[in-house]
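Subject: Structure handover

Hello,

Here is the structure we talked about. Please open it alongside this note; my findings follow below.

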Amino acid sequence: MDEIAANNTRHVKRLAHPHVQYTVCDSLMRYAEFLGFGNLHIKIDRKTGLKAIVAIHNLKRGPAIGGCRMVHYQTIDLAMEDALRLAYMMSYKAAINNLPHGGAKAVLIKPKVIKDYDAYFEKFGEFVDELGGRYITAIDSGTSTREMDIIARKTKFVTCTSQAGGEDDPSPFTAYGVMRAIEAAVKFKLKRDSLDGIHVAIQGAGQVGYHLAKDLVALGAKITITDVNEEAIKRAVDTLSVTVCHPDEIYQIDADVFAPCALGSTLNLKNIKQLKAKIVAGSANNQLAHSHYGTLLHERGILYAPDFLINAGGLIHVAVVYDKGNRERSMQQIQGIHDTVYDIYERSEKENRATNVIAEEIARERLS
Ligand code: NAD
């Protein structure tokens, strides 16, 4: 915690109360408390350069599972905030999809240089092992099966190793879950049993957006796709039968489904009013700029597939691999997203409440 303490003296902040000086550490603790944590573990190892945070949100449903991301952070408090936010989300994803796990996340603050790569990840493996199985680590941004293999030398609480059949890219699993949620939405809202001829507007042709487009094209859907990155668009156009539009036009496309697969907070007051699609279902985390916009979509008669429910395909796969399952079992379990989300669509109609409100309520009940 010395690093955090040092940061505090540099970034002392005044929050709501004018007579009390809250430090960054204070506000992070308050944030953690607000989100219902849990445990926060920090490891600093001077020899290897490891600065790791493991945020364990909830253990009620079983050992907490979540990826280990290694990225550059400007400050330790930003890394800490990321770990808290992501671990919290993992708990909700696992709970709503009935996984026997709590949510957690490991954040490694990437050093400028890692002198001994193996020693660095072995040290992280020791850290995970010290947590005694309360946290199971997996791949995330900046890590792959290679790093998981090194970690596995020091702990058994790791998944996605090459031996376990781990795959470096979770996006096909995520895309498959989103596709199943779109099928459920089309069945519920448009009373159609097939995606043949259904028009889907995809925002973001990155890893998930591309795989989603590919899966949907295979089922006969018509795709309009956009991206700010020309290379991503080129890959989609060169390999799939898709139409491209400008990023600013995507909300107004006269499609059946709008699939946000780019950034968070994409749905705001302005573009919700512009939306022509009757269904919103995509992979992006925290799609609603404010959770109240779920109710706004509901009032406008637009069926919203709660993001944390339908984008959990990658997490489901990771949990299946940890349980010694194979790819087929992962796909089978991810198919379950269809029925889970369909039940929520039905409840939303019956109770006249937004789908995101119902989904969050179910997850909270399972975690409390
Ligand atoms: P990615 O970085 O591969 O793709 C995102 C794409 O969105 C990029 O090509 C980027 O250029 C594009 N983009 C950015 N801003 C845009 C804009 N304003 N308009 C249009 N396109 C824009 O990421 P990904 O792995 O495909 O993930 C997509 C989203 O799904 C992210 O929000 C991610 O957090 C979420 N998610 C991903 C997974 C997964 O398995 N990869 C799992 C759960 C959630």
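Is Lys105 buried or exposed? Lys105 is buried, because its relative accessible area is 3%, and the cut-off for buried is under 20%. Keep in mind throughout that this is a predicted model.

**Lys105**

Lys105 sits in strand S6. Its side chain is joined to that of Asp140 by a polar contact of 2.5 Å. Leaving aside neighbours within four places in sequence, Lys105 is also in contact with a list of residues that includes Ile53, Val54, Ala55, Leu86, Met90 and Tyr135. Gly67 and Arg69 are among the contacts of Lys105 too.

**Asp45**

Asp45 belongs to strand S3, which covers residues 39–45. Asp45 is buried, yet has no salt bridge. Which side chain of opposite charge is nearest to Asp45? It is Lys123, 4.2 Å away. A salt bridge needs the nitrogen within 4 Å of a carboxyl oxygen, so a distance of 4.2 Å does not qualify. Asp45 does touch Lys123, and Leu50 as well, not counting residues up to four places away in sequence. The side chain of Asp45 also makes a polar contact with the side chain of Thr48, at 2.6 Å.

**Two domains**

The chain is divided into domain 1 (3–151) and domain 2 (171–304 + 336–367). Their centres, taken over C-alpha atoms, are separated by 30 Å. Domain 1 gives 12 residues to the contact, and domain 2 gives 12 residues. About 1,100 Å² is buried between domain 1 and domain 2, with 58% of it on carbon and sulfur atoms. Which residues of domain 1 lose the most area to domain 2? They are Met89, Tyr92 and Ile96, together 48% of what that side buries.

What about polar links between the domains? The rule finds zero salt bridges across the interface of domain 1 and domain 2. For polar contacts across that interface, it finds four residue pairs.

**Leu367**

Leu367 lies in helix H14, residues 355–367. Leu367 counts as buried because its relative accessibility is 9%, under the 20% cut-off. Leu367 and Ala94 are 273 residues apart in sequence, but their C-alpha atoms are 9.7 Å apart in space. Leu367 touches Asn58, Lys60, Arg61, Ser91, Tyr92 and Ala95, not counting residues up to four places away in sequence. Tyr92 thus comes up twice: in contact with Leu367, and among the residues of domain 1 that lose the most area to domain 2.

**Helix H12**

How many of the 10 residues of helix H12 are buried? Nine are, and the helix, residues 313–322, is mostly covered. The buried residues include Gly313, Gly314, Leu315, Ile316 and His317. Val318, Ala319, Val320 and Val321 are buried as well. What do the buried residues of H12 pack against? They pack against strand S5 (64–71), H3, strand S7 (135–139), H6 and helix H13 (327–351). After H12 comes Lys324, whose phi is positive, near 65°.

**Backbone and loops**

A few backbone points deserve a look. The peptide bond from Phe37 to Gly38 is cis, with omega near 20°. Gly38 is in the loop between helix H2 (24–34) and S3.

Asn98 has a positive phi, near 60°, in a residue other than glycine. Asn98 is placed in the loop between helix H3 (76–96) and strand S6 (102–109).

Lys191 has a positive phi as well, near 55°. Lys191 lies in the loop between helix H6 (171–190) and strand S8 (199–203). Lys191 counts as exposed because its relative accessible area is 64%, and the cut-off for exposed is over 50%.

**Ala289**

Ala289 is in the loop between strand S12 (279–280) and helix H10 (293–299). Ala289 is partly exposed, with a relative accessible area of 40%. Ala289 touches Ser265, Leu267 and Asn268, not counting residues up to four places away in sequence. The C-alpha atoms of Ala289 and Ala359 are separated by 17 Å, with the two positions 70 residues apart along the chain.

Best wishes

Note on methods:
Residues numbered from 1 in each chain as written. Predicted model: local features only at pLDDT ≥ 70, side-chain atom pairs only at ≥ 80, totals over all residues. Heavy atoms only, no water. Helix = DSSP H or I, 4+ residues; strand = E, 2+ residues; numbered from the N terminus. Buried < 20%, exposed > 50% of the residue type's maximum accessible area, 1.4 Å probe, protein only. Lys, Arg positive; Asp, Glu negative; His and termini not counted. Polar contact = N/O pair within 3.5 Å; in protein donor to acceptor, adjacent residues only side chain to side chain. Contact = heavy atoms within 4.5 Å. Domains from an automatic or database assignment. Buried area = accessible area lost by both parts, 1.4 Å probe.
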